[in-house]
Amino acid sequence: MLQEIHLKYRSLKLFLVTGFFFLNFYSFSQLNIANVRNYNQTIDILNSTDSSVNYNQLQTSIRPILETKVNTTALFKDEGEYYYWITQKLFKEHFLIFKGDDYSCTVDPILDLNLGYENNSQQIENGLKTWNTRGVNIKAKFFNKFAFETAIYETQASLLNYQAQYVDAHGEFYPNGNSYKQQNAIIPSYARTKPFKETGYDFAFATGYFSYTPTTWLNIQAGNGNQFIGNGYRSLLLSNFTVNYPYIKPEFSLFKGRLQYTLIYASLQNLYRLPYSNSPEANYEKKMSTTHFVNFALNKNIQIGFFEGNIWNRTDSLGTKKLKAASFNPILGVNSLLVEDNNYNSIGGININARYKKSMIYGQLLLDHSSIAGTQIGLKFYHVMTQNLHLQFEFNQTKENAYTANNKRLNYSHSNLPLAHPYESGFKELIGILDYNWKRIYLQAKFIYAEKASISNTESLPTILLANNQIQDIDQENTWHQQLEVGYRFNKKYNLELFFGNLLRISTDKQGEKTTNFTYFGVRTNLNPKQFDW
């Protein structure tokens, strides 16, 4: 009997010591890799050419990607030799670096300074266009357990005519008698605006998160940002097109990384001021989203993921509405099957990718209104004829009224912008992208053709909050967007680039053809790319 108790005691002691070991020695603080094209593409190439990558490293269908899934040495590789402080900072290192036994911290500047000339066929506000962003980015790790990143952006900009029309049409609304009055604008991936000079926009925002990894199979993040689910240029499930939102994101990695389960609880809003408020400026209509995404690696070449996105009402006549317990449910599919409520909206989806040598085929299915509401299929080819050339082709389409709910305030949106594809719904799109990299020089040629519903009477409501079948004036709009950009990438650590490019956009509807030609150049730290290719 005493021997049995002694054995149990030793087993319990071994369990506690082992648990303490894993919770401390193997607690890795995990920062995110910025969700930008050149980083994501390099990660894909590394995974396709390195046979030693593990299952956890192949779990890249949700972005931003955790740095512990990435060979950061290869991602930020620079073999140059620099002998001066200024050249080290310009070409190889973070701008400021602080290190100690239990911490490390980096500080980098944020800038996006560019100047261009617009010539549009409508002769509306032609001439010089500017974009002026300044800010700072800070990353830190403490005690091998905690990490955080924060960034501040301040921008003044003048937009191209087609861009200004879009951001103005999706701006915020104030009560005005029995209707609403629209003012200001919303810049995709950036923020709400206020007027700047006569026709410009002034906007600022902060982004950041805390990250904690208590074990090798769990990472928990809480912050203000956005997410992207998929392997394509676009996503039909969840994208970073909209502005930032507060979120909590636990991510589980099980069965040696073969199964990844991600939950995202986010606070969203419609840019509609409530009619009554005790504060000087009324609050916006609030809603909440819960996202479930489980991704399984069948082997090192094939992955399949299942997605559920839920939107919950948080606003009533008094300004706030108590959330249902079901909104915190962590199990994928339960809400879609069991919840039937006008204060709730749900979409589902499937994400698939398969690798073969130096190529990838990927796709998505959007499930909404009890049917397939959208499809995506794409191809990526790396090292085409040369180590430096990469190609991508992608097709996207959704049905009209995809993402919409019976209660239009619960459509799949945040801050009047779509949570998934920029075209919202009722479109077909074909994308082709060529990337060429030689040492520090890069060239990108991008071509997008789209057929989509053009809605003209949007004076009272932004289109994302209306079902297309409720709008009287609907016309088909065909858009051709091509963009050629060449640049020089100084520093991979904070993505400092010098660039020059040309954008040509041609749109055709029943009112005729509209052409925009824009030539530009500038310098930027490409950590939060602009999204105006629609």
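**Exercise 1.** Where is proline 64 found?

*Solution.* The model is predicted: local features need pLDDT of at least 70 and side-chain atom pairs count only at pLDDT 80 or more, while totals for chains, interfaces and linings use all residues. Residues are numbered from 1 along each chain as its sequence is written, and side-chain values use heavy atoms, with hydrogens and water left out.

Step 1. Proline 64 is in the loop between β2 (62–63) and β3 (65–66). Helices (H or I, at least four residues) and strands (E, at least two) are DSSP runs, numbered from the N terminus.

Step 2. Look at the bond before proline 64: arginine 63 and proline 64 are joined by a cis peptide bond, with omega about 5°.

Step 3. Follow Arg63 to asparagine 40, which touches Asn35, Arg63 and Ile65 when residues up to four places away in sequence are not counted. Contact means heavy atoms within 4.5 Å.

Step 4. Place asparagine 40: this residue lies in helix α2 (residues 37–49). Its relative accessible area is 9%, so asparagine 40 is buried. Buried means under 20% relative accessible area, exposed over 50%, and partly exposed in between (1.4 Å probe, protein chains only).

**Exercise 2.** Describe the surroundings of glutamine 444.

*Solution.*

Step 1. Glutamine 444 belongs to strand β25 (residues 441–455).

Step 2. Its relative accessibility is 18%, so glutamine 444 counts as buried.

Step 3. With neighbours within four places in sequence left aside, glutamine 444 is in contact with Arg37, Ile433, Leu434, Asp435, Gln483, Leu484 and Glu485.

Step 4. Take two of these partners in turn. The side chains of glutamine 444 and aspartate 435 are joined by a polar contact of 3.0 Å. Such a contact is a pair of N or O atoms within 3.5 Å; within protein, one must be able to donate a hydrogen and the other to accept it, and residues adjacent in sequence count only if both atoms are side-chain atoms. Leucine 484 is 40 residues from glutamine 444 along the chain, yet their C-alpha atoms are separated by 5.8 Å.

**Exercise 3.** Serine 189 and lysine 439 have a positive phi; state which is buried and which is exposed.

*Solution.*

Step 1. Serine 189 is not a glycine, but its phi is about 70°. Serine 189 is found in the loop between β9 (179–183) and β10 (194–196). At 3% relative accessibility, this serine counts as buried.

Step 2. Lysine 439, also not a glycine, has a phi of about 55°. Its place is the loop between β24 (427–438) and β25. Lysine 439 counts as exposed because its relative accessibility is 72%.

**Exercise 4.** Classify two aromatic pairs and locate the residues of the second.

*Solution.*

Step 1. The structure holds 28 aromatic pairs. Rings of Phe, Tyr and Trp (its six-membered ring) pair if their centres lie within 6.5 Å; planes under 30 degrees apart count as stacked, over 60 as edge-to-face and the rest as tilted.

Step 2. Tyrosine 82 and phenylalanine 91 have ring centres 5.4 Å apart and planes at 5°, so this pair is stacked. Both tyrosine 82 and phenylalanine 91 are buried.

Step 3. Tryptophan 217 and phenylalanine 252 have ring centres 6.4 Å apart and planes at 20°, so this pair is stacked. The pair links distant parts of the chain, 35 residues apart: tryptophan 217 is in the loop between β11 (200–215) and β12 (218–225), and phenylalanine 252 is in strand β14 (residues 245–254).

Step 4. Tryptophan 217 counts as partly exposed at 40% relative accessibility, and phenylalanine 252 counts as partly exposed at 24%.

**Exercise 5.** Trace leucine 159 from the largest nonpolar core to helix α5.

*Solution.*

Step 1. The largest nonpolar core has 73 residues, and those with the most contacts inside it are Leu159 and Tyr412. A nonpolar core is a set of buried Ala, Val, Leu, Ile, Met, Phe, Trp, Tyr and Cys residues joined through side-chain atoms within 4.5 Å. A second, separate core of nine residues includes Tyr261, Tyr265, Val294 and Tyr344.

Step 2. Leaving aside neighbours within four places in sequence, leucine 159 is in contact with residues including Trp131, Ala164, Val167 and Phe532.

Step 3. Ala164 and Val167 are among the buried residues of α5. Helix α5 (residues 161–169) is mostly covered, with seven of its nine residues buried.

Step 4. Trp131 and Phe532 belong to one aromatic cluster, whose members also include Tyr162 and Tyr166.
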